[in-house]
Amino acid sequence: MARASYSEEQVTVTHHGDRLNGEPVTIAASTTRIASWLEDIATVDRIHHYLDAQLRNRTTDPGARSLRAMRLHNDEAQASILAAVRAGVTGDTGGGVPDATDAALEREVSEHASRWTHALARLIEHPGWFEHLCDALIATHRVVRVGPAKPCGRCGNDGERVVYTSLYPGVMDRVTVSCDPCGRTAHNPYGEPGPEVDVRLVARAGSAVLEVATLADPRAVAPTAMHLRFAPGDVEGGPVKPLPGKHFRLEPGGRSTTTMELPDAVGVGARLQVMCVSGFQVSTRSFALPGPAAIPRPRATMSRRRDARKVTAKRGTATTDSAVASVSSKA
Ligand SMILES: [Zn+2]
């Protein structure tokens with residue numbers, strides 16, 4: 001994607017392109033809309049099942065409410081689709097959905113998908129739930145192929161691309177891309193490249209800022225809801241107050257650049273986590289950030305902290321990038 005040029009001090013964190021390595025891309029439009037929705041709903045059902053298991057014995061977990069809302073909207077979307085299919089059986093389109101109900105159904109399912117996405121975005125704001133989501137996406141899958149991916153945009157190491165197929169019929173196959181130092185960096189439905197995401201760390205007006213450029217695939221059939229979340233890593237004296245996430249929408253082929261100012265407390269293993277949802281289809285990106293010592297700080301920030309004890313131990317220690325990478329590789 002096109003690169004802007006910046007005069008500020010900057011560190012390239014990494015950039016992702018289409019990591020499908022030239023394999024043919026099959027977009028949902030190639031099958032019928034109904035079949036595609038039913039596959040999405042079966043997939044989402046398995047995701048809920050896995051996330052529910054994470055909630056067991058944690059009845060006060062703030063994730064429970066979001067998960068209930070997700071189930072509700074998935075169930076209602078399914079009910080709408082099944083009602084339309086039943087209506088279609090007696091309609092004049094030979095078992096398909098009558099044209100008159102088609103647009104109304106599309107709107108209804110999209111609305112439920114959008115509300116489901118909002119609930120999921122709230123869920124991943126809680127520490128640990130982005131990781132649970134990534135695990136949930138392949139929880140009922142087995143590996144069918146492991147191959148090389150393009151060198152990692154952040155560290156330059158060889159990447160690994162893994163294709164997973166589900167043990168449950170009708171549940172979407174998945175692809176992950178990872179490299180040893182940075183861990184799992186991309187997670188896509190098979191055949192869907194998902195948006196490109198470029199992350200840069202720049203020093204600007206006294207702050208360290210993440211500049212995140214995104215580009216949606218022009219072949220996507222629906223807009224993509226983008227959710228960016230900063231995970232602070234292991235902060236001395238933590239946990240720290242979470243940074244509000246960033247949310248925006250990309251139309252097919254659309255691009256956007258957004259910024260996130262990093263807090264003073266950036267720990268070892270800090271990451272930028274990105275969730276991209278189109279309809280009910282989820283892609284994720286996870287970017288390992290440089291260690292605290294490598295974060296550009298144009299001016300001393302200690303004096304404006306009310307609670308300096310949270311950062312004093314990390315600041316100024318000789319944390320190397322490879323040390324950060326070894327921590328982040330478990331993600
Ligand atoms: Zn890497």
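Helices here are DSSP runs of at least four residues, numbered from the N terminus. The model shown is predicted.

**View 1. Ser66 sits in helix H2.** Ser66 is buried, since its relative accessible area of 4% falls under the 20% cut-off. Setting aside neighbours within four places in sequence, Ser66 is in contact with Ala119, Arg122 and Leu123.

**View 2. Helix H1 spans 33 Å from its first C-alpha to its last.** H1 has 23 residues. Its reach is close to the 33 Å expected at 1.5 Å a residue. The buried residues of H1 include Ile34, Trp37, Ile41, Val44, Ile47, Leu51 and Leu55. Polar or charged names appear on that buried list too, among them Ser36, Asp40, Thr43, Arg46 and His48.

**View 3. The largest nonpolar core has 33 residues.** Those with the most contacts inside this core are Leu51, Met70, Trp116, Leu120, Leu133, Met275 and Val282. Two or more core residues come from each of helix H1 (33-55), helix H2 (63-89), helix H3 (99-124), helix H4 (129-137) and strand E11 (271-278). H3 gives the largest share, nine residues. Leu120 touches Met70, Leu133, Met275 and Val282, not counting residues up to four places away in sequence. Another core, of 22 residues, lies apart from this one. Among its members are Ala208, Val212, Met226 and Leu228. In soluble globular proteins, nonpolar side chains tend to be buried together.

**View 4. Four cysteines hold the zinc ion.** The protein donors are the SG atoms of Cys152, Cys155, Cys179 and Cys182. They lie 2.2 to 2.3 Å from the zinc ion. The arrangement is tetrahedral because the four donor atoms subtend angles of 104 to 113 degrees. In sequence, the donor residues are spaced C-x2-C-x23-C-x2-C. Cys155 lies in the loop between strand E2 (141-149) and E3, and Cys182 in the loop between E4 and strand E5 (183-189), so this pair ties together parts that are 27 residues apart in sequence. Cys155 is partly exposed, with a relative accessible area of 30%. Cys182 is buried, at 2%.

**View 5. Tyr168 lies in the loop between strand E3 (159-166) and strand E4 (174-179).** Tyr168 is partly exposed, at 37% relative accessibility. Leaving aside neighbours within four places in sequence, Tyr168 is in contact with Arg46 and Thr140. The C-alpha atoms of Tyr168 and His141 are separated by 8.0 Å. Along the chain, these two residues are 27 residues apart.

**View 6. A salt bridge joins Arg71 and Asp52.** Their closest N and O atoms are 2.5 Å apart. The pair links distant parts of the chain, with Arg71 in helix H2 and Asp52 in helix H1, 19 residues apart. Arg71 is partly exposed, with a relative accessible area of 26%. Asp52 is partly exposed as well, at 27%. Asp45, Asp52 and Arg71 are linked in a network of salt bridges.

**View 7. Arg115 and Glu111 meet in a salt bridge within helix H3.** The N to O distance is 2.8 Å. The two residues are four apart in H3, so about one helical turn separates them. Arg115 is partly exposed at 45% relative accessibility, and Glu111 is partly exposed at 38%.

**View 8. Arg219 forms a salt bridge with Asp217.** The closest N and O atoms are 2.7 Å apart. Arg219 is partly exposed, with a relative accessible area of 40%. Asp217 is buried, at 13%. The count of salt bridges comes to six.

Terms used: Residues are numbered from 1 along each chain as its sequence is written. This is a predicted model: local features need pLDDT of at least 70, side-chain atom pairs count only at pLDDT 80 or more; totals for chains, interfaces and linings use all residues. Side-chain values use heavy atoms; hydrogens and water are left out. Buried means under 20% relative accessible area, exposed over 50%, partly exposed in between (1.4 Å probe, protein chains only). Contact means heavy atoms within 4.5 Å. A nonpolar core is a set of buried Ala, Val, Leu, Ile, Met, Phe, Trp, Tyr and Cys residues joined through side-chain atoms within 4.5 Å. Donors are N, O and S atoms within 2.8 Å of the metal (3.2 Å for Na, K and Ca); water is not among the atoms, so sites may look incomplete. Four donors count as tetrahedral if all angles lie between 85 and 135 degrees; four count as square planar and six as octahedral if opposite donors are over 155 degrees apart and all others between 65 and 115; anything else is irregular. The expected span of a helix is 1.5 Å times one less than its number of residues. A salt bridge is a side-chain nitrogen of Lys or Arg within 4 Å of a carboxyl oxygen of Asp or Glu.
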